[in-house]
Amino acid sequence: MQKKTWASIVTLFAVVAGIGAGALQSKPSDAKSNAEVSPVKARGGRGVYYPNTEDLGPNEMRIISCGTGMPNQRPSQAATCFLVELGNGDKFIFDIGTGAADNIAALLIPADYLNKVFISHLHADHFGDFDALYVGGLINGRTVPLRVWGPTGDKPERGTKYAIEHLKKALTWDVTTRAGRLPASGQELEINEFDYRGENQIVYQENGVTIRSWPAIHIIDGPVSYSLEWNGLKFVFGGDTYPNTWFVKYAQNADVAIHECFIALPDLVERMNFPVARALNVGTQIHTPPPGFGKVMSLVKPRMAIAYHFFNDFDTSPKILEGIKQTYKGPLSLADDMMVWNVTKENITVRDVIFDEDVWSPPLLRKVAVDRSIMITESPWLKEHALDMGDTIQSIYDRANKLYGTNEKPDIE
Ligand SMILES: [Zn+2]
Ligand SMILES: [Zn+2]
């Protein structure tokens, strides 16, 4: 009797699920064995990464793609951004392209840990969300300066220092309104500009982590590529670059090497509406075409090659793969947003990140005193036009004071 009931349930499920139910009904013994493993037993082997659910091993590196797309906006792929987390607790952001801050937020990392950004070059698709990280991080509780590294330009006004200082100037109103309300230390920017011409030069060395830069070839002088070395592991991030001898030389022995791989020519012409001449120029000389990416990786031979900087769809990625396979047969990931690579000396695993879109800010790490004396408030003229909300506001205060055991008073007169 019980068996029959269960079979009915299975049948009902099968019908709802659109599965032909006949085969399921004819095997009641199968239904019994299914009942023993389902639905209360977890089967393990999830094969995906849920943020904030896994410890990082002391010798492990975790890389998450927070932006892999193009300068053109699309909800499924932000512009360039890779987060590197190390087993010693350090975290580094390589490029912070437009839209990437949303993906970083989904990883539920307290803002104080997201304070080191390395910019490859100053195209907006590589640093367009710097303002979102700067202001959003402050609001999310950052109490330490946001530190940024990036190259000089061929002229001072095309360098990282100029870009970030002027970005902060553009945010004068925003910065002013938050001063005295949020920690001043979280509003500070530390800008570290280095010579773009340095060849494998050390631009960062702290806590056992060494980051080096070398020139990239991308439109004009200024762009760079980076390597990060820690605990015998080497991560390389090319930024935007035409295949070049520096990359081949200084990316040697990389465990993970990320290099741009631009969208295939037919898609540039037919879907992105580039005139053929411009598609050829941009797709093969300003950027790296798929066979060019393959050639570079054949010379570098990383344990894992990661291609990014293309719209990764079911009908674009086969063309990318076909181009790469002409010149490279080694380990390869075609990057999409929110993939994760766990890297140890023994293994490199690749998974998708499954995240909550309705994410809330992670908990504050520290409370820092705020200097309210520097706060600027509204003019008396503006305040005169405020509706009298005294009773309404007071009742909210009363409820909150009762709930939290506080004794706060509104500023209203
Ligand atoms: Zn670029
Ligand atoms: Zn780019």
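Here are some questions and answers on the fold of this predicted model.

User: Let's start broad: how many helices and strands does the protein chain have?
Analyst: The C-alpha atoms fill a box of roughly 80 × 70 × 45 Å along the principal axes. Of the 413 residues in the chain, 36% are buried. As for secondary structure, the count is 16 helices and 16 strands.

User: What share of the contacts with a separation of 6 or more comes from residues 24 or more positions apart?
Analyst: One pair of residues far apart along the chain is V296 and Y328, which sit 32 residues apart in sequence. Their C-alpha atoms are separated by 8.5 Å. Across the chain, residues 24 or more positions apart account for a share of 65%.

User: Which strands are at the edges of the nine-stranded sheet?
Analyst: This is an open sheet with mixed pairing, and its order is β1-β16-β15-β2-β3-β4-β5-β6-β7. An edge strand here pairs on one side only. That description fits β1 (48-49) and β7 (189-194).

User: Is strand β2 largely enclosed or left open by the rest of the structure?
Analyst: On one side, β2 pairs with β3 in the antiparallel sense over six bridges, with M61 partnered by L86. Four bridges also join β2 to β15 (residues 339-343), again antiparallel, and there the partner of M61 is V343. Six of the seven residues of β2 (residues 61-67) are buried, so the strand is largely enclosed.

User: Which residue in the turn of the β3-β4 hairpin has a positive phi?
Analyst: β3 (residues 81-86) and β4 (residues 91-94) pair in the antiparallel sense over four bridges, and F82 has F94 as its bridge partner. Four residues lie between the two strands. In that turn, the residue with a positive phi, about 100°, is G89.

User: Moving on to β5, what is the handedness of the crossover from β4?
Analyst: β4 and β5 (residues 116-118) pair in the parallel sense over two bridges. I93 has V117 as its bridge partner, while F94 stands opposite F118. The chain gets from β4 to β5 through helix α4 (residues 100-105), and this β-α-β crossover is right-handed.

User: Within what arc do the buried residues of helix α6 fall?
Analyst: In α6 (residues 130-139), the buried residues are F130, L133, Y134, G137 and L138. Looking down the helix axis, they line one face, because they fall within an arc of 115°.

User: At about what angle to β7 does helix α7 run?
Analyst: Helix α7 covers residues 160-170. It lies across β6 (146-151) and β7. Its angle to β7 is about 160°.

User: Now the seven-stranded sheet: which strands have a single partner strand?
Analyst: The order in this open sheet is β8-β9-β10-β11-β12-β13-β14, with mixed pairing. Two strands stand at the edges, so one side of each is left without a neighbour in the sheet. Those are β8 (201-206) and β14 (332-334).

User: Which residue is the bridge partner of I306 in β14?
Analyst: I306 belongs to the β13 side of this pairing, as β13 covers residues 304-308. Three bridges join β13 to β14, and the two strands run parallel. In β14, the partner of I306 is S333.

User: Which strands does helix α14 touch?
Analyst: Helix α14 (residues 317-325) packs on the seven-stranded sheet. Its direction makes about 150° with that of β14. The strands it touches are β13 and β14.

User: Why does V296 count as buried?
Analyst: V296 is in helix α13, which packs on the sheet and touches β12 (256-260) and β13. Beyond its neighbours within four places in sequence, V296 is in contact with P243, F247, V248 and H259. The cut-off for a buried residue is 20 or more other C-beta atoms within 10 Å. V296 counts as buried because its C-beta neighbours inside 10 Å number 26.

User: Which residues touch the most other members of the largest nonpolar core?
Analyst: In soluble globular proteins, nonpolar side chains tend to be buried together. The largest nonpolar core here has 83 residues. V256 touches, among others, I63, F235, M304, I306, W341 and V343. Within the core, the residues touching the most other members are I63, V84, V256, A257 and A307.

How values were computed: Residues are numbered from 1 along each chain as its sequence is written. Chains are lettered from A and ligands numbered from 1 in the order in which they are written. Two strands pair if DSSP finds at least two bridges between them. A crossover is right-handed if, with the strands pointing away from the viewer, the path from the first strand over the helix to the second runs clockwise. A residue is buried if 20 or more other C-beta atoms lie within 10 Å of its own, exposed if 12 or fewer, and partly exposed in between; C-beta atoms are placed from the backbone. The arc is that of the directions from the helix axis to the C-beta atoms. Two residues are in contact if their C-beta atoms, placed from the backbone, lie within 7 Å. Axes are lines fitted to C-alpha atoms, for helices over the stretch in contact, and angles run from 0 to 180 degrees between N-to-C directions. A nonpolar core is a set of buried Ala, Val, Leu, Ile, Met, Phe, Trp, Tyr and Cys residues joined through C-beta atoms within 7 Å.
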